[in-house]
Amino acid sequence: MAAAWPWLLLWLGAAVLRARPAPPRIRLPLRGGSGLPPAARARRAPEEAERGGGSFVEMIDNLRGKSGQGYYVEMTVGSPPQKLNILVDTGSSNFAVGAAPHPFLRRYYQRQLSSTYRDLRKGVYVPYTQGKWEGELGTDLPDDSLEPFFDSLVKQTRVPNIFSLQLCGAGFSPNETEALAAVGGSMIIGGIDRSLYVGDIWYTPIRKEWYYEVIIVKLEVNGQDLSMDCKEYNYDKSIVDSGTTNLRLPKKVFEAAVKSIKTASSTEKFPDGFWLGEQLVCWQVGTTPWHIFPVLSLYLMGEATNQSFRITILPQQYLRPVEDVATSQDDCYKFAISQSSTGTVMGAVIMEGFYVVFDRARKRIGFAVSACHVHDEFRTAAVEGPYLHSNMEDCGYNIPQTDESTLMTIAYVMAAICALFMLPLCLMVFQWRCSRCLRHGHDDFADDISLLK
């Protein structure tokens with residue numbers, strides 16, 4: 001790619017990487033270790049071991065980044081290898097790297113330095129739910145075939161078809177040492193690492209294999225149900241997306257949720273711009289009144305029939321710390337819940353409370369409380385269940401499908417309506433023509449009489 005682009009993306013959906021004997025030109029460290037004692041390993045559930053569970057010591061803390069700035073893993077691309085920081089984004093479907101200088105990039109791919117780069121002379125345009133990307137298509141791979149990134153990774157390395165994410169940005173204080181603050185979390189490829197979460201993992205089915213789409217069946221603010229039709233929560237989809245910062249909600253849901261959050265935190269007044277994500281709110285360092293803000297609970301469809309589970313989201317997640325402000329004497333925050341026109345997006349600020357398992361082989365996504373989640377002395381993030389819910393499949397939004405017979409029926413109805421409106425006009429024209437003909441005949445008769453005279 002030859003066009004300037006501000007971000008580097010690892011989209012765990014699709015990429016130009018083929019499984020074949022030729023030496024790989026995209027490299028991602030996959031080595032695992034055995035960091036826990038035998039007794040601890042023996043306590044793991046048989047299913048976890050079956051699904052690639054184990055210790056992945058060399059993958060732990062392999063992400064860099066922080067809340068609101070994305071999470072990156074280091075990869076090498078090209079011949080000879082060039083080290084690049086790749087954004088981990090579960091909400092997109094391509095693999096792309098920045099290949100031109102840009103103020104936002106410390107490192108970018110330099111195609112002239114790779115002996116295996118080829119320009120495909122094709123333009124690329126990729127729209128997102130927010131913003132767009134444009135560039136030129138090139139390849140640094142053995143052939144031009146397109147194959148999903150993770151699919152080819154599984155073929156080449158034979159790792160289990162599963163990965164898991166622990167995003168820790170909100171879990172580290174800005175006052176931590178620079179080395180620790182740089183740690184953003186862990187991406188475990190091929191399994192689950194028990195040291196990264198506490199409690200049990202609860203799974204929700206992947207509804208449709210395009211995004212990592214799930215079904216939300218209920219939303220509560222401080223235990224109070226928003227009492228909306230569950231289809232509203234999933235209009236037109238609900239996805240788990242590490243590449244989006246905020247929790248994004250459809251318009252009706254956003255308005256109802258903000259109204260409830262305002263009511264719950266009414267002991268302090270905040271400007272309207274804060275709730276729209278346009279203004280910051282600040283308190284003196286260490287005095288943020290977390291207790292006045294409510295917890296949010298998202299109920300997700302479970303694997304068992306008529307059962308759901310809930311994930312509890314703290315204000316420490318949906319109030320995103322902002323560090324680049326004029327004074328360092330205050331703790332400043334941005335409201336990280338926003339309105340969406342493309343469905344519900346469970347972004348990074350939500351995932352930061354949880355260890356999220358993308359079990360692609362079994363078409364499900366798991367949630368457990370993250371070992372690095374941020375909390376206070378009164379409340380903690382939670383994953384709990386089961387809860388009884390019926391007809392949860394009805395909560396999913398289905399794009400209306402119109403078959404050929406329906407279209408024909410609509411066409412006939414429209415034709416009948418048009419005919420109904422045209423009939424009076426035709427009668428008026430016919431009446432006008434008839435009256436004109438009669439008048440013309442009478443005038444001719446009068447002319448004949450006058451000639452005879």
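At 9% relative accessibility, Tyr-212 counts as buried (buried means under 20% relative accessible area, exposed over 50%, and partly exposed in between, with a 1.4 Å probe and protein chains only). The model is a predicted one, in which local features need a pLDDT of at least 70 and side-chain atom pairs count only at pLDDT 80 or more, while totals for chains, interfaces and linings use all residues. Residues are numbered from 1 along each chain as its sequence is written, and side-chain values use heavy atoms, with hydrogens and water left out.

The protein chain as a whole gives the setting for Tyr-212. Of its 453 residues, 45% are buried, and the chain contains ten helices and 25 strands (DSSP runs numbered from the N terminus, helices being H or I over at least four residues and strands E over at least two). When contacts (heavy atoms within 4.5 Å) are taken between residues at least 6 apart in sequence, 74% of them join residues at least 24 apart. The surface that the protein chain exposes comes to about 23,700 Å², with carbon and sulfur atoms supplying 55% of it (areas come from the Shrake-Rupley method with a 1.4 Å probe, and for residues only the protein chains shown count as cover).

The aromatic side chains come next. The structure holds 23 aromatic pairs (rings of Phe, Tyr and Trp, the last by its six-membered ring, with centres within 6.5 Å; planes under 30 degrees apart are stacked, over 60 edge-to-face, and the rest tilted). In one of these, Phe-163 and Tyr-212 meet edge-to-face, with 6.3 Å from centre to centre and 75 degrees between the planes. Because Phe-163 belongs to strand β9 (residues 162-167) and Tyr-212 to the loop between β11 (197-205) and β12 (216-221), this pair ties together parts that are 49 residues apart in sequence. Phe-163 is itself buried, its relative accessible area being 0%.

In another pair, the ring centres of Phe-270 and Phe-293 are 5.5 Å apart and their planes stand at 35 degrees, so the arrangement is classed as tilted. Here too distant parts of the chain are linked, since Phe-270 is in the loop between α6 (251-264) and α7 (272-275) and Phe-293 in the loop between β16 (281-284) and β17 (296-301), 23 residues apart. Both partners can be placed on the accessibility scale: Phe-270, at 13%, counts as buried, and Phe-293, at 1%, counts as buried as well. Ring pairs carry the linkage further, joining Phe-270, Phe-274, Trp-275, Trp-283, Trp-290, Phe-293, Tyr-318, Tyr-333 and Phe-335 into a cluster.

Rings also meet charged groups. The charged end of Lys-208 sits over the ring of Trp-210, 4.9 Å from its centre, and Arg-364 lies over the face of Tyr-203, at 3.6 Å from the ring centre (a charge sits over a ring if NZ of Lys or CZ of Arg is within 6 Å of the ring centre and within 35 degrees of the ring normal).

Turning to pairs of opposite charge, a search of the whole structure finds eleven salt bridges (a side-chain nitrogen of Lys or Arg within 4 Å of a carboxyl oxygen of Asp or Glu). One of them joins Glu-74 to Lys-83, with 4.0 Å from N to O, and its partners are both partly exposed, Glu-74 at 37% relative accessible area and Lys-83 at 49%. Together with Arg-107, Glu-74 and Lys-83 are linked in a network of salt bridges.

Helix α6 takes part in further salt bridges. Glu-232 is bridged to Lys-252, the closest N and O atoms being 3.7 Å apart; because Glu-232 lies in helix α5 (residues 230-233) and Lys-252 in helix α6, this pair ties together parts that are 20 residues apart in sequence. Glu-232 is partly exposed at 23% relative accessibility, whereas Lys-252 counts as exposed at 52%. Within helix α6, the side chains of Glu-255 and Lys-251 meet in a salt bridge of 2.7 Å, N to O, and, being four residues apart in that helix, Glu-255 and Lys-251 are separated by about one helical turn. Glu-255 is partly exposed at 40%, and Lys-251 is partly exposed at 46%.

Finally, the surface includes a nonpolar patch of about 610 Å², made by Ile-410, Val-413, Met-414, Ile-417, Leu-420 and Phe-421 (patch residues have over 30% relative accessible area and no salt bridge; like charges are joined within 9 Å, and nonpolar side chains, namely Val, Leu, Ile, Met, Phe, Trp and Tyr, within 5 Å). Ile-410 is found in helix α10 (residues 404-452), and at 43% relative accessibility Ile-410 counts as partly exposed.
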